[in-house]
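Please look through the sequence and the coordinates shown here with attention to the ligand site and to the way two helices meet.

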Amino acid sequence: MQHLKVLVKYFVQYKWHLILGTIFVFLSNYAKVLQPQMIREALDVVLDNIQQYHTATTPEQKNEIFNNVGAETLKFALLVLGLAVLMGVFMYMMRQTIIVMSRLIEYDLHKEMFTHYQKLSTSFFKRNNTGDLMARITEDVSRVRMAIGPAILYGLNLFSTFVLVIYAMLRVSPKLTLFVLLPLPLLSFIIFKVSTIINRRSEIIQQNLAILNSTAQESYSGIRVVKSFAQEVQMTDLFEEQTLNYRARTLDLIRVESVFFPSMALLIGLSTVLTVYIGGLEVIKGNITPGNIAEFVIYVNLLTFPVTAIGWIASLIQRASASQKRINDFMNEKPEIVNPVIDPVDIVGEIVFDHVSFQYPVTNIQALNNISFTLKPGERIAIVGKTGSGKTTIAELLLRMYDIQSGSITIDGKEIRDLDLTNLRRRIGYVPQDGFLFSDTVAGNIAYGKPNATGELIEEFARNASIHNEILSLPEGYQTIVGERGVTLSGGQKQRISIARALIKDPEIVILDDCLSAVDADTEQKIMNYFKENLKGKTTIVITHRFSSMSFYDNILVLRDGEIAEQGTHDELMKKGELYKEMFERQNVEINNL
Ligand code: ADP
């Protein structure tokens with residue numbers, strides 16, 4: 001329960017919803033409890049009149065009694081109807097306050113969690129898998145909502161029904177009340193125990209369902225691999241095994257439920273039998289009227305639903321507490337990288353890496369070791385080297401996705417740790433290796449970092465990235481939805497859209513991470529020509545695997561195992577005749593052999 005303490009601030013925030021809701025619950029139950037009393041009175045009046053009818057001697061008297069019964073029953077019927085309407089109105093109001101409050105809190109939780117997620121550093125997202133992050137913001141929040149809304153509502157309902165019904169019962173006959181309530185503690189205990197079993201089994205079913213879902217999802221996403229390896233039968237077998245498992249678990253649950261509901265009906269029936277039996281004896285003794293028995297039978301029925309809800313409420317709260325713990329764990333995570341100042345100054349673009357070493361958190365992989373280089377404003381640098389040599393890490397460090405452990409990285413003479421983080425990232429045009437596109441239109445994706453970009457500007461940058469014509473041939477041109485929910489683009493198309501997306505921001509620093517690897521040689525040449533002409537004045541870092549247009553760069557860093565093995569211009573490195581020359585020539589041989 002202590003995990004749910006954090007919710008107190010929301011209850012304070014929405015105190016009026018809660019206070020009014022509580023009042024409405026009581027009013028609604030009050031109207032409900034009055035109904036059996038009306039029925040009792042009606043029944044007693046009818047019985048009374050029947051007796052008088054039998055003893056009446058003249059037809060006039062009999063007629064009068066007959067009319068009297070009609071009028072009286074109509075009066076009580078209208079009263080019961082009126083009370084039912086009143087109860088309904090208050091019920092509507094209690095849902096409008098308490099359930100609405102739970103939805104408002106759910107909205108706040110969603111918003112707060114999403115905002116918090118956005119602040120956390122990339123290493124947090126590496127440590128936690130996407131499914132888990134999603135589950136916390138959707139499933140866990142919805143479980144907490146169930147405890148705030150339905151559990152509070154039914155809890156209040158339970159409490160007020162008990163107080164009002166038992167008070168009404170005691171007023172009639174304490175003895176009868178005692179007997180009638182006798183089976184209820186047993187009933188609630190059994191319900192609590194059985195609900196625990198039901199919940200445990202439901203959890204197992206949920207887990208099985210999650211496994212089933214992920215197998216299905218994987219085989220759909222990977223359908224090309226499944227088919228090309230002719231693994232359909234094996235996948236079907238795997239799926240069948242998991243569905244069988246799922247079926248067995250659901251049958252386990254049904255077995256418990258099948259015993260549970262009839263036993264409940266039996267215990268409730270027992271209460272009714274006791275009411276009628278003990279009540280009958282009391283009527284004979286003249287302590288109560290026959291109408292009281294009818295009244296009590298209705299009371300017993302009024303109590304059964306709240307009693308059955310006890311176990312359910314308890315388990316809702318238990319689950320919510322576990323979910324809230326998981327939410328709290330995340331909300332207590334502190335972002336490792338924070339913005340030190342708001343100071344959106346212009347950036348000129350001088351970059352200096354001075355003896356930079358960097359180890360990735362969690363894995364402790366030493367990605368960079370003693371890296372030093374300088375880039376004057378407007379200079380262009382290429383970074384080459386084998387996969388895993390640390391090229392992308394350099395780009396990520398400049399964007400301050402991670403903080404370095406030793407050395408310094410400065411831009412325009414200032415440590416990047418001390419710069420305005422948002423401003424820094426806004427002024428760097430980064431084309432990452434996997435040009436991730438959102439489920440949005442092509443135009444929306446290009447204008448991602450510059451939301452007010454006009455259609456013409458978007459088109460201009462698409463032309464610059466040699467993708468304009470291909471966009472036009474998409475079903476709805478620039479308005480075509482791409483990404484997960486839209487058309488599938490080729491790797492090269494995605495790369496070029498993400499080039500347009502990075503450059504439309506008019507950044508002072510440009511970082512291109514192997515962004516032409518999936519583009520054909522002609523298009524690559526066109527884009528390189530555009531870079532040559534138009535990236536003048538922008539400090540540019542290009543990570544590449546292809547040794548084309550190497551004279552474009554003022555400096556080339558050759559990385560090996562996180563260290564700079566060589567650096568210089570293309571001509572210098574060729575003259576030196578070591579690693580760079582070797583890599584350059586190997587690639588030319590490969591190209592010539594094509
Ligand atoms: P390159 O871009 O040259 O292929 P990277 O900079 O991506 O190389 O990787 C350098 C080293 O750091 C590799 O050994 C890689 O496994 C490791 N690495 C890269 N990204 C991460 C990460 N997010 N967490 C832990 N280790 C990483």
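What follows takes the ligand site and then a helix pair.

The model is predicted, and the values discussed here are computed from its atoms. The ligand is surrounded by 14 residues, and the closest of these are Gly388, Gly390, Lys391, Thr392 and Thr393. Helix H11, which spans residues 391–398, supplies three residues, the largest share of that shell. Sorted by class, the shell comprises seven polar, four nonpolar and three charged residues.

Among the polar side chains that approach the ligand, Thr393 places a polar atom 2.4 Å from a ligand oxygen atom, while Lys391 has a polar side-chain atom 2.9 Å from an oxygen atom of the ligand. A nitrogen atom of the ligand is approached by Tyr360, whose polar side-chain atom lies at 3.4 Å. The ligand taken alone would expose 560 Å², and the protein buries 74% of that area.

Turning to the helix pair, helix H3 (residues 59–119) packs against helix H10 (residues 290–331) at an angle of about 40°, and the two axes are 10 Å apart. The crossing of H3 and H10 is left-handed. On the H3 side the contact is made by Glu112, Met113, His116 and Tyr117, and on the H10 side by Ile327, Phe330 and Met331. Classified in the manner used for the ligand shell, the contact of H3 with H10 has five nonpolar residues, one polar residue and one charged residue.

Note on methods: Residues numbered from 1 in each chain as written. Predicted model: local features only at pLDDT ≥ 70, side-chain atom pairs only at ≥ 80, totals over all residues. Heavy atoms only, no water. Near = heavy atom within 4 Å. Polar contact = N/O pair within 3.5 Å; in protein donor to acceptor, adjacent residues only side chain to side chain. Areas by Shrake-Rupley, 256 points an atom, 1.4 Å probe, with all protein chains shown as cover. Helix = DSSP H or I, 4+ residues; strand = E, 2+ residues; numbered from the N terminus. Nonpolar A, V, L, I, M, F, W, Y, C, P; charged D, E, K, R; others polar. Axes fitted to C-alpha atoms, helices over the stretch in contact; angles between N-to-C directions. Left-handed = near helix turned anticlockwise from the far one by under 90°. Contact = heavy atoms within 4.5 Å.
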